[in-house]
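Trainee: I should like to learn how a pocket and an interface are read. Where should we begin?

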Amino acid sequence: MEERLRCLLIAGLGGDEKSYLAFLGQLGAYLRGYFVRRLTGFPGDVEDLLQETLLAVHNKRHTYDTSIPLTAWVHAIAKYKFVDFLRAHGRQAALTDTLDEESEVFASKQTEALEASIDVQDLLESLPNRYRLPILHVKLQGLSVAEAAALTGMSESAVKVGVHRGLKALMARVGGES
Amino acid sequence: MKTDELIVMLATGVSAVDRNETRRRFALATGLGGLLALILMLTTLGLRTDLAAALATPMFWAKLAFAVVPAVVGLIAVFRLGRPGARVGWAFIVLAVPVLAMWALGVAQLVAAPAENRAALLFGRTWLLCPLLIGLLATPVFILVLSALKDLAPTRPTLTGAMAGIASGAVGATVYCLHCPEMAAPFVSVWYLLGMLIPAVVGAACGRRVLRW
């Protein structure tokens, strides 16, 4: 895995979109297994943590040094995000394990129902601009990330992070209001 | 958002990354910090009046090396700690060399000196001020290095903070060498070291909070 992923990442760092897409895809599949093994207590959080980690890999890709084995780099980032996750959720999740699972089932049903009824615009208005504008332009108006970046004056990276974090914040709000 | 969608979004239109950029920025931050420390020393403390004569003594250079070695090693180690997965075990060995050498020299000087002179060798005339001034001169590099680390990805924040403290403390000590008139190895081996350790403790204490990403 090391050699193949390494080549893809290095090509990606050079600006090769196809290689970078393949790199993230294969890395995602690998990391999903990594987190599934470690998050046995909370399977519902695997995708969340995986996305956090992929976002971190993307945002910090300039710290990859070709003299470091790729697996060491990836594992260090994944472990950091994993520990971060445990710090944030550990205590609370340990206390309310079963409840959490149940409420998650409820939350997803209620979310579906609410999605239809709540006015997206109202929800969007409640977000800060760094989240609102990327979602508005990329997800609702269908512009490309580059176009949204040019329109808002944000960097492309900031637009991507904004879409991801903004959608997460929206979901949290919908869940919170129910 | 689905993970696949996230991946596609992240990869779409991805731009080439200049990997030397981080190195340049880090070098700039440390250079600027060192310069600020030098200006701070020159304007508030001033060069030691006998600097020209001191340059001819081996002890001046031993003292300078005691500060320069951890400054260089520490800065390299901090930069490496900013990159996930990089190893820094070697740095601790190299950092220990000047400390052990100065301790050995200090003990030798204390043993060789008559008993009534030993306190003077250890405390000099500025022992109280020395660690504090070194800590103060470390501040510009400390702050600039920590902010340069924001751009990197330290996965061991406590260690990284401590190493940033050692490095900036050592830069502060290097600059302080040009002011400080103390020339006894026992003095340097204790108070200079303490001056470098103050920012190291601060860095270790605040690393996890300050270096979060």
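Mentor: We begin with residue classes. Ala, Val, Leu, Ile, Met, Phe, Trp, Tyr, Cys and Pro count as nonpolar, Asp, Glu, Lys and Arg as charged, and the others, Gly among them, as polar. Please keep in mind that this is a predicted model.

Trainee: How many residues of each class are in the lining of the second largest pocket?

Mentor: That lining divides into 11 nonpolar, 6 polar and 8 charged residues. The volume of the second largest pocket is about 470 Å³. Among its 25 lining residues, those closest to the centre are Ala76(A), Lys79(A), Gly85(B), Thr155(B) and Arg156(B).

Trainee: Which elements give two or more residues to this lining?

Mentor: They are H4 of chain A, together with helix H4 (58–81) and helix H8 (157–177) of chain B. H4(A) gives the most to the lining, with 8 residues.

Trainee: Let us turn to the interface. How many residues of chain A are in contact with chain B?

Mentor: A contact is counted when heavy atoms lie within 4.5 Å. Here 40 residues of chain A are in contact with 35 residues of chain B. Another way to describe an interface is by buried area: the two chains bury about 3300 Å² between them, with 62% of it on carbon and sulfur atoms. On the side of chain A, the residues that lose the most area to chain B are Lys60(A), His62(A) and Tyr80(A), together 20% of what that side buries.

Trainee: Which polar features does the rule find across the interface of chain A and chain B?

Mentor: It finds 14 residue pairs in polar contact, both residues being at pLDDT 80 or more. The rule also finds 3 salt bridges across this interface. The side chains of Arg212(B) and Asp84(A) meet in a salt bridge, at 2.7 Å from N to O.

Trainee: Which element gives the most to the side of chain A that touches chain B?

Mentor: H4(A) does, with 8 residues. By class, that side of chain A has 18 nonpolar, 10 polar and 12 charged residues.

Trainee: How is a single loop residue read? Where is the place of Thr126(B)?

Mentor: One states its place first, and then its partners. Thr126(B) is in the loop between helix H6 (118–123) and helix H7 (129–149) of chain B. Leaving aside neighbours within four places in sequence, Thr126(B) is in contact with Glu182(B) and Phe187(B). With Glu182(B), the side chain of Thr126(B) makes a polar contact, side chain to side chain, at 2.8 Å.

Notes: Residues numbered from 1 in each chain as written. Chains lettered and ligands numbered in written order. Predicted model: local features only at pLDDT ≥ 70, side-chain atom pairs only at ≥ 80, totals over all residues. Heavy atoms only, no water. Buried area = accessible area lost by both parts, 1.4 Å probe. Salt bridge = Lys/Arg side-chain N within 4 Å of Asp/Glu carboxyl O. Polar contact = N/O pair within 3.5 Å; in protein donor to acceptor, adjacent residues only side chain to side chain. Helix = DSSP H or I, 4+ residues; strand = E, 2+ residues; numbered from the N terminus. 1 Å grid on protein atoms, 1.4 Å probe; cavity = no way out; pocket = protein on both sides within 12 Å on 5 of 7 lines; lining within 4 Å. Points joined across faces, edges and corners; volume = space filled by probe spheres on them.
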